[in-house]
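Q: I'd like a close look at a single part of this model: the helices towards the end of the chain, and the empty spaces that they help to line. Please take it slowly, as I'm new to this.

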Amino acid sequence: MATEHRTSADDDADEETQLPLGVSIAAAAVSAAVLLPILWLVKTGLDVGFSEAIALLTRPTTLEVFVNTTVLVTLTTAACVLIGVPLAYLTVRTNLPFRRFWTIVVSLPLVIPSYVGAFAFVSAFGPQGSFQRLLAPLGVEKIPEIYGLEGSILILTLYTYPYVYITARASLKSMDTTLIDAARTLEHDRWETFKRVTLPQIRPAVAAGALLSGLYALADFGTPSIMRYDVFTRVIFVEFGTFGRDTATLLSLQLVAVTLFILWLEARVRGEERTTAGGRSRGVVSLGKWRYLAMGFAALVAGLALVVPVVILLSWLGTASTAVNQSLAFQWSYVTNSVVVAAAAAAVAVVAGLPVAYLSARYDGLLPTAFERVSYIGYAVPGVVLGLALVFFGSQYATPIYQTLYLLVFAYVIRFLPQSVGSLRASFLSVDPALPEAARTLGRTSVGAFRYVTLPLVAPGLFGGAALVFLTTMKELPATLLLRPSGFTTLVTHIWTAYESGYFGQAAVPALVLLFVSGLSMLVILRQEGYDVK
């Protein structure tokens, strides 16, 4: 290329001027759509008077919510690291008994939505729950409360630690173990070797997993609500339901600011260290007499996260009352509704993600990078905030689509667009640019080369991204509650209605259907990641 020896500034300018016009316009439109709810939220917040905004943000209850949220996110993230990293190390570097089995089992809590886990734990360990009834004949009349901060941390940790486990495990599998061997020859013990050699290498991966766990804890609405613990998401939802628009808006902006701070903090932590690769493991670390204690640790975590909710849900099947209000009776149309909107969101997300992913993979420069980064904003913004912003916007400026499936699908696409973009971008990067260029020399147009050469090659990433969007949309709770059309019931809204009405048994079937769908998604992930013990 003639530009290979020019300055980097000239290269960047050339790349941007050579961007395909049609694709760039499409990517810009997608970016504008992603930014729309956040900009509208900012505009709504600015409409609140300065003195009133200060009064709302500094009142004791608001400060309490901020502290509660900070404590919950911090302790949950720390707990996820303390569970996920040891499990990753045990399943990769040690002679843990039944290692292949535990490798898969300890990752499966991701299939259970946290709010379903919260339902189950309240039913099992709440007042007059199953566990207390079992202990009653032994004279135990009361067990510790599961509600509040402790219960919220327990539930969120059990269902988000796999993020840390999966990323840490991937890093441990690819790390250069010759450095570990060198440290051992310098007479460092195992703990010293782990602290000085292993931990610095896996630190970026652990930080990435901790970011996912922290953002999940920050954005989760269902678990704090069930555990009766006031955090941003719960209070925003309550304020919106009681027509506290100004408070809900300002709290939403504060929550967005906290989210951005977490993203910045993770980038700083991850950027301090680099991983190295290329070495291969020369064996595993013998646990000796600790091997069965280590297996007990894995069994305890998996048992709490998997066995408790599954047993409780199955027990609910036998207690579901047939004499309930018709609105609480399960109907298979709820499954159809969930599948239809999830499929629509997946299809639109793939189409919207194509121009963004293509430019990001094929071109350098400010614009392609900006388009890709903007696409991730929706995923970082909690669903309750996104839903609230679209409620304000739709009710005032988009009334034709307000309380319709169009606005609901739009919210899903903004929320989960990064899953499509990430999968597509990886696929575009794996396609040799010479192939479509060869097609063009044979007379194909740019569109024809993309359609007949590039698109078939990126099809696995396209369908993979669509599957991820579909499956996460099926489980999305707050945005669905805020934006669904009147009378439109999905699996998650039926589960939530059953919970609020106190009829847990009526949530059994939809919850089990959700677990089945989530289980299928986890099987796909495990197959794609090649989960083995090598």
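A: An axis here is a line fitted to C-alpha atoms, for helices over the stretch in contact, and an angle runs from 0 to 180 degrees between N-to-C directions. Helices are DSSP runs (H or I, at least four residues), numbered from the N terminus. This is a predicted model, where local features need pLDDT of at least 70, side-chain atom pairs count only at pLDDT 80 or more, and totals for chains, interfaces and linings use all residues. Residues are numbered from 1 along each chain as its sequence is written, and side-chain values use heavy atoms, with hydrogens and water left out.

Let's start with α20 and α21. Their axes cross at roughly 145 degrees and come within 9 Å. On the α20 side, L435, P436, A439 and R440 make contact (heavy atoms within 4.5 Å) with S446, A449, V453, T454 and L457 of α21. Sorted by class, that contact has six nonpolar residues, two polar and one charged. For the classes, Ala, Val, Leu, Ile, Met, Phe, Trp, Tyr, Cys and Pro are nonpolar, Asp, Glu, Lys and Arg are charged, and the others, Gly among them, are polar.

Now for the empty spaces. On a 1 Å grid over the protein atoms alone, a pocket is an open set of points with protein on both sides within 12 Å along at least five of seven lines, a cavity is a set where a 1.4 Å probe fits but cannot get out, and lining residues have an atom within 4 Å of a point.

Both α20 (434-441) and α21 (446-475) help to line the second largest pocket, and so does α15 (333-362), each with at least two residues. In fact, α15 gives the largest share of that lining, six residues. There are 20 lining residues for this pocket, and P20, Y358, R362, Y363 and E437 lie nearest its centre. The mix is 14 nonpolar, three polar and three charged.

You'll meet α15 and α21 again at the largest cavity, where each supplies at least two lining residues. Its lining is made up of S338, V341, Y412, T473, M474, T480, T490 and V492. Four of those count as nonpolar and four as polar, with no charged residues.

One lining residue there, Y412, sits in the number range of helix α19 (residues 405-429), so let's follow α19 to its partner α18: their axes cross at roughly 140 degrees and come within 11 Å. That makes the pair oblique (roughly parallel is under 35 degrees, roughly antiparallel over 145, roughly perpendicular 65 to 115, and the rest oblique). G383, L386, L390 and G394 of α18 touch L407, F410, A411, I414 and R415 of α19. Here the contact has six nonpolar residues, two polar and one charged.

Helix α18 (residues 383-397) also packs with helix α12 (residues 232-241), at an angle of about 25 degrees and with the axes 10 Å apart. That makes α12 roughly parallel to α18. From α12 come T233, I236, F237 and F240, which meet V384, V385, L388, V391 and F392 in α18. This contact has eight nonpolar residues, one polar and no charged ones.
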